[in-house]
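Colleague: I have a few minutes before my next call, could you walk me through this structure? I would like to start with the pockets and then move on to the rest.

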Amino acid sequence: MQENPAAALLRALSTRFGEDFDIPLGTVPLDDLACIASHATHRLYSDRPLDPALLRLICACALSAPSKSDLQQCDLLIVRDPELRKKIATLIPDQAHIAKAPAFLVVLANGRRLKQIAQLRGKPFVNDHLDQFFNAAVDAGIVLGNFLRAAAAAGLGCCPISVIRDHAGVVSDLLKLPERVIPVAGLCVGWPAEQGHVTARLPLDVTLHTDRFDDSNVAEEIDGYDRRRDKLFPYRTQRDPTRFGKAEFYGWSEDKARQYGVPQRADFGSFVRAKGFNLE
């Protein structure tokens, strides 16, 4: 028997944030909220093919997302060429789902089109600074979120691949991305072969603020979050034990501190500048 939307929503939020929620009387139908709250990442996919027409439909829904000032600075690129996909997958060998997923896309921040429009209309392009790159990157993030939501509504599973930016220059060359177009994330898509799980998030006492920002209790809250998350889905391995040693208790904060304790993408700013963006 399928769980009703209200129960699914409350269960997912309880797992996600470690607290109980009330659903106000008269709330609109909860199917969409339950789907959003129950979001899970999927890395294993069935052999069921993904109809190109359905993928195009999901892309259209994703690109229906809000866009800063209606500038529309995000594009989606579907990688259909098997050899091209293999080359990208080879760059990230620890994520086999890139090669195996029924579909693979790359989400692009496009700062090129706006400059083209200025030239086409004979207008100066005077706002060529960090904000233009920021707007394009944020647009890409919003489209990515919308894609995940649309895919889930269709019963599909997804796995965003941010590590593609570790190889931004190579991926850019493989996809023949022109000036002012950069890869933001890869995206695996397919019919899930297993049910995903709801990942615990930081408590709302940490991430939800009213009137003014307050992180005065962040250490205690994060410690409690580490313990709660460990009871649900403990880490199976510790990150880089040769460098950092083996922790007696290994929680989310230890993992993330280790992750950001090693240089990552230090050349990304140089890559973005080389693609024609002004980051001043």
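Modeller: Gladly, and please keep in mind throughout that this is a predicted model. In the second largest pocket, helix 2 gives the largest share of the lining, with five residues.

Colleague: Which other elements give two or more residues to the lining of that second largest pocket?

Modeller: Besides helix 2 (31–37), the elements that give two or more residues there are helix 1 (5–17), helix 7 (130–153) and strand 3.

Colleague: And how many residues line the second largest pocket, and which lie nearest its centre?

Modeller: The lining of the second largest pocket is made of 29 residues, and those nearest the centre are Ala 34, Cys 35, Ser 38, His 39 and Ala 152. By class, that lining divides into 13 nonpolar, ten polar and six charged residues, and the volume of this pocket is about 740 Å³.

Colleague: What volume does the largest pocket have, then?

Modeller: The largest pocket holds about 1900 Å³ of space. It is lined by 45 residues, and the ones closest to its centre are Thr 41, Arg 43, Arg 229, Tyr 235 and Lys 256.

Colleague: How does the lining of the largest pocket split by class?

Modeller: There are 17 nonpolar, 15 polar and 13 charged residues in the lining of the largest pocket. Helix 12 provides the largest share of this lining, namely four residues, and the elements that each supply at least two residues are strand 3 (157–161), strand 4 (181–190) and helix 12 (252–259).

Colleague: Strand 3 turned up for both pockets. Is strand 3 mostly covered or mostly open?

Modeller: Strand 3 is mostly covered, since four of its five residues are buried. Strand 3 also runs antiparallel to strand 4, and five bridges join the two; within that pairing, Ile 161 stands opposite Gly 186 of strand 4.

Colleague: What is the strand order in the sheet?

Modeller: The sheet is an open one of four strands in the order 1-2-4-3, with antiparallel pairing. Strand 1 (74–78) and strand 3 are the edge strands, each pairing on one side only, and from one strand to the next the twist averages 25°.

Colleague: How many bridges join strand 2 to strand 4?

Modeller: Strand 2 (residues 103–110) is joined to strand 4 by eight bridges, and these two strands run antiparallel. Gly 186 appears in this pairing as well, with Val 106 standing opposite Gly 186 in strand 4.

Colleague: Which strands does helix 3 touch?

Modeller: Helix 3 (residues 52–62) packs on the sheet and touches strand 1 and strand 2, and the direction of helix 3 makes about 165° with that of strand 1.

Colleague: Changing topic to the backbone: which residues have a positive phi without being glycine?

Modeller: Gln 72 is one of them, with a positive phi of about 55°, and Asp 211 is another, with phi near 70°. Gln 72 is found in the loop between helix 3 and strand 1, whereas Asp 211 is found in the loop between helix 9 (204–207) and helix 10 (218–232).

Colleague: Why do you class Gln 72 as partly exposed, and why Asp 211 as exposed?

Modeller: Gln 72 counts as partly exposed because its relative accessible area is 48%, which falls in between the limits of 20% and 50%. Asp 211 has a relative accessible area of 75%, and it is therefore exposed, as that class covers values over 50%.

Colleague: What about Gln 73, buried or exposed?

Modeller: Gln 73 lies in the loop between helix 3 and strand 1, and it counts as buried because its relative accessibility is 1%, with buried meaning under 20%. Leaving out residues up to four places away in sequence, Gln 73 touches a list of residues that includes Leu 108, Arg 113, Gln 132, Asn 135 and Asp 139.

Colleague: Where is Asn 135 found, and what does Asn 135 touch?

Modeller: Asn 135 is found in helix 7 and is buried, with a relative accessible area of 9%. Not counting residues up to four places away in sequence, Asn 135 touches Lys 68 and Gln 73. Asn 135 and Ser 67 are 68 residues apart in sequence, and their C-alpha atoms are 8.6 Å apart in space.

Technical notes
Residues are numbered from 1 along each chain as its sequence is written. This is a predicted model: local features need pLDDT of at least 70, side-chain atom pairs count only at pLDDT 80 or more; totals for chains, interfaces and linings use all residues. Side-chain values use heavy atoms; hydrogens and water are left out. On a 1 Å grid over the protein atoms alone, a cavity is a set of points where a 1.4 Å probe fits but cannot get out, and a pocket is an open set with protein on both sides within 12 Å along at least five of seven lines; lining residues have an atom within 4 Å of a point. Grid points are joined across faces, edges and corners, and a volume is the space filled by probe spheres set on the points. Ala, Val, Leu, Ile, Met, Phe, Trp, Tyr, Cys and Pro count as nonpolar, Asp, Glu, Lys and Arg as charged, and the others, Gly among them, as polar. Two strands pair if DSSP finds at least two bridges between them. Axes are lines fitted to C-alpha atoms, for helices over the stretch in contact, and angles run from 0 to 180 degrees between N-to-C directions. Contact means heavy atoms within 4.5 Å. Buried means under 20% relative accessible area, exposed over 50%, partly exposed in between (1.4 Å probe, protein chains only).
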